[in-house]
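Here are a few exercises to help you find your way around a new protein. Keep the 3D view open and try each task before you read its solution.

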Amino acid sequence: MVLKLNSETSNQLRETREQILDRLKMCQRDCQHWDPDVPIIYVITPTYARPVQKAELTRLSQTLMLINNLHWIVIEDAPKKSMLVENLLARTTLNYTHLLSQTPQKYRRKGASRGVTQRNEALKWLRKNRSEKDKGVVYFADDDNTYSIQIFEEMRSTKEVSVWPVGLVGGLMVEKPLLNLTTGKVIGWNSVWRPDRPFPIDMAGFAINLGHIIRRSTAYFSFNVSGGFLESHILEQLTTKDHLEPKADNCTQVLVWHTRTEAPKLTEENKIKLRGLRSDAGMEV
C-alpha cells in the first residue's frame, strides 16, 4: 500500500525534521568544550556538488572536530541547499552555519575563479552576526586541502593578518614567506609562479583577525582580478607586507598542504546510467 501525503502533512514533517536538527545542533554546542577567553576560529569553506564532495567534507570535518572554539561556515555553490551537506553538518559535533550562494552563470566558466561569491557570503554573515569586539580569527579553508591541527592553534593569536608556508603549491614543494632574520618581518616570498603578485600566497596560507576584517567592511573578493590574484586582492584591502605576522616557527614548518583528490574513474557508472541504473541508488556517497 502506498501512502500519499498532502501538502499540510508534508510541511509538518519538514518542520519536525528541522526542529530535530535544531535541537541536535544545540546539544552538540552544549557538549563541546568552549572557553570564553579563547578566540573563536571561523573556518570558511566553499563547496560544490561533485562525486568526491562528501568524502572531502568528511575528511575536513574530522580534522575540525579536534579543534576547540571553532565555528565552521560552509557555503554551497548551488541553487538550493543539499541534503548531503545538511546531513553531514548535522552529524558533526561542530558549531556551524550552512549558507547558500550560487556563482552567477557568466562566471561559471573554465578558468574563472572559484569560491568568490561563497567567501563573500560568509564575510557578509560575519559582519551581520558578529562585532569587532568579538575575539576571533577568520580562515579560508578549501575542502580539498590537508590541515594539521597545529595550524589552527598557530593562527588563533592573529592580531591583524598572519602568514605561514603552504606545501605542494605553485609548482613547488613549499611556497613560503621569506623573513628578515634580524627583525622577523616578512620581506618577500619564494614563489616562482607570478612572483610579481602583491601577495604571492595561497588561500590556505593566511588568517585574518575577526575584528580587523569587520572594521574593513568593504573588503571583499572579486571576479574582476586575474587568475591567481584573489589572495592579493583581499589582502591589499586589509594589510601591508610589513604588518604581516609570521607563524609556524617563523615560517619554517609546513602545517597545511594544497592537496587535491584525484578525480574518480566512473566509466562503468556512466555505462550503467545509459541503461537507467545507478550503483548508488537510494544511497548517499
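A definition first, for sorting residues by class: Ala, Val, Leu, Ile, Met, Phe, Trp, Tyr, Cys and Pro count as nonpolar, Asp, Glu, Lys and Arg count as charged, and the others, Gly among them, count as polar. Bear in mind that you're looking at a predicted model.

**Exercise 1. Take stock of the chain.**
Work out how many helices and strands there are in the protein chain.

Solution. Start with the elements: the protein chain has nine helices and 13 strands. Next, look at burial: of its 285 residues, 48% are buried. Then turn to contacts with a separation of 6 or more: 74% of these link residues 24 or more positions apart.

**Exercise 2. Trace the sheet.**
Find the order of the strands in the open sheet of seven strands, and say which ones are at the edges.

Solution. Walk across the sheet and you'll read S3-S2-S1-S4-S11-S6-S12, with mixed pairing. The edges are strand S3 (95-100) and strand S12 (245-246), since each pairs on one side only. Now zoom in on S1 (residues 40-47) and S2 (residues 70-76): these two run parallel and are joined by seven bridges. To see one spot in this pair, look for Val43, which sits opposite Trp72 in S2.

**Exercise 3. Lay the helices on the strands.**
Which strands does helix H2 lie across, and which does helix H4 lie across?

Solution. Take H2 (residues 53-64) first: it lies across S1 and S2, at about 165 degrees to S2. H4 (residues 116-129) lies across S1, S2, S3 and strand S4 (136-140), and its angle to S2 is about 135 degrees.

**Exercise 4. Explore the largest pocket.**
Which residues are closest to the centre of the largest pocket, and which helix gives the most to its lining?

Solution. Begin with the space: the largest pocket holds about 1200 Å³. Its lining has 43 residues, and Arg114, Asp142, Asp144, His258 and Arg260 are the closest to the centre. Next, check the elements: S1, H4 and helix H7 (230-236) each supply at least two lining residues, and H4 gives the most, with three. Finally, sort the lining by class: 15 residues are nonpolar, eleven polar and 17 charged.

**Exercise 5. Look for a cavity.**
How many cavities of 30 Å³ or more does a search of the whole structure find?

Solution. The search turns up one. The volume of the largest cavity is about 40 Å³. Among the residues lining it are Trp164, Trp189 and Asp202. By class, this lining has six nonpolar, three charged and no polar residues.

Definitions and conventions: Residues are numbered from 1 along each chain as its sequence is written. This is a predicted model: local features need pLDDT of at least 70, side-chain atom pairs count only at pLDDT 80 or more; totals for chains, interfaces and linings use all residues. Side-chain values use heavy atoms; hydrogens and water are left out. On a 1 Å grid over the protein atoms alone, a cavity is a set of points where a 1.4 Å probe fits but cannot get out, and a pocket is an open set with protein on both sides within 12 Å along at least five of seven lines; lining residues have an atom within 4 Å of a point. Grid points are joined across faces, edges and corners, and a volume is the space filled by probe spheres set on the points. Two strands pair if DSSP finds at least two bridges between them. Helices (H or I, at least four residues) and strands (E, at least two) are DSSP runs, numbered from the N terminus. Contact means heavy atoms within 4.5 Å. Axes are lines fitted to C-alpha atoms, for helices over the stretch in contact, and angles run from 0 to 180 degrees between N-to-C directions. Buried means under 20% relative accessible area, exposed over 50%, partly exposed in between (1.4 Å probe, protein chains only).
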